[in-house]
Amino acid sequence: MFDSILPEKSVYLVLLSIGILTNIACSEPRKDPAVVQKPLTTRPAAPVQAPDPDTLRVEDDFANAPFLLDSVSFIEVHRLMGKDVQITKKPTRNHFEPDQTDTLITLRKNKSHITLYAVSAEPKCFFKEADIKDPMPIFQYPLKIGQRKAEVKKIFPSLTRETYLPDNIEIVAGEGVDYVYLIFKNDVLQRIEYKPYLD
């Protein structure tokens, strides 16, 4: 009789022991690692300053007709640039008339040049582009390479209210088809680029 009871009790005791150990293991509180918080500093943050823009865009009719000319023609531009002008001509296909060949005429003097687009079907010239790097008096306004920003600021009414002039100034006329770029370095005007609309 005892032999039949003992195995049942030992199984019961084993199950009871497992239950007690599981209960003890589960009831112990978990220890989370301590979180160390740094005290908040009361030092004020430095004020954030907006960077100066790289390019200032202004509107002025100067971009429509920057040069001191009565008309756009090879003879007038050659006269404007003065002596010692090198002239190169390059044929170019007309965008609208594939059988028509027009001419790009570039007039160079020192480091500067003006390029004209000459239409062969009619005696007409248009400005294609210009890059002026020499102090030639060729503009409608009294603008010359070598002037300081303060001098240039007085020339353009659209610049007089500006407190800061960046090194790049984009001048656009009206609907924004003709552009003149004034490029400065160390406060001195180094370059004037003319990018007219040419369809």
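Two strands count as paired here if DSSP finds at least two bridges between them. With that in mind, let's walk through this predicted model, starting at strand S4, which covers residues 112-119. S4 and S5 run antiparallel and are joined by seven bridges. The turn from S4 to S5 is a hairpin of four residues. If you would like to find one of the rungs yourself, look for leucine 116, whose bridge partner in S5 is phenylalanine 127.

S5 also has a link to strand S8 (residues 188-195): three bridges join the two, and they too run antiparallel. Here aspartate 131 of the S5 side stands opposite glutamate 193 in S8.

Now turn to the interior. The largest nonpolar core has 38 residues, and the members that touch the most others are Phe67, Ile114, Leu143, Phe156, Ile171, Leu182 and Ile192. Strand S5, residues 124-132, gives the most to this core, with four residues. Where does the core lie with respect to the domains? Domain 1 (53-67 + 139-198) and domain 2 (69-128) both give residues to the core, so it lies between them. To get a feeling for the packing, pick leucine 182: leaving aside neighbours within four places in sequence, its contacts include Leu143, Phe156, Ile171 and Ile192. Polar and charged names appear on that list as well, among them Asp167, Asn168 and Arg191.

Next come the aromatic rings, which form nine pairs in the structure. Phenylalanine 62 and phenylalanine 139 make a tilted pair, 6.1 Å centre to centre with 50° between the planes. Phenylalanine 62 lies in the loop between strand S1 (55-59) and helix H2 (74-81), while phenylalanine 139 lies in the loop between S5 and helix H3 (149-155), so this pair ties together parts that are 77 residues apart in sequence. Both phenylalanine 62 and phenylalanine 139 are buried.

Phenylalanine 139 has another ring partner in phenylalanine 67: with centres 5.3 Å apart and planes at 20°, the pair is stacked, because planes under 30 degrees apart count as such. Since phenylalanine 67 is in the loop between S1 and H2, and phenylalanine 139 in the loop between S5 and H3, the pair ties together parts 72 residues apart in sequence. Phenylalanine 67 is buried too. These three rings belong to one aromatic cluster, along with Phe127, Tyr141, Phe156 and Tyr194.

Finally, look for lysines over rings. Lysine 89 lies over the face of phenylalanine 74, at 5.8 Å from the ring centre, and lysine 149 lies over the face of phenylalanine 184, at 5.7 Å.

How values were computed:
Residues are numbered from 1 along each chain as its sequence is written. This is a predicted model: local features need pLDDT of at least 70, side-chain atom pairs count only at pLDDT 80 or more; totals for chains, interfaces and linings use all residues. Side-chain values use heavy atoms; hydrogens and water are left out. A nonpolar core is a set of buried Ala, Val, Leu, Ile, Met, Phe, Trp, Tyr and Cys residues joined through side-chain atoms within 4.5 Å. Buried means under 20% relative accessible area, exposed over 50%, partly exposed in between (1.4 Å probe, protein chains only). Domain bounds come from an automatic or database domain assignment. Contact means heavy atoms within 4.5 Å. Rings of Phe, Tyr and Trp (its six-membered ring) pair if their centres lie within 6.5 Å; planes under 30 degrees apart count as stacked, over 60 as edge-to-face and the rest as tilted. A charge sits over a ring if NZ of Lys or CZ of Arg is within 6 Å of the ring centre and within 35 degrees of the ring normal.
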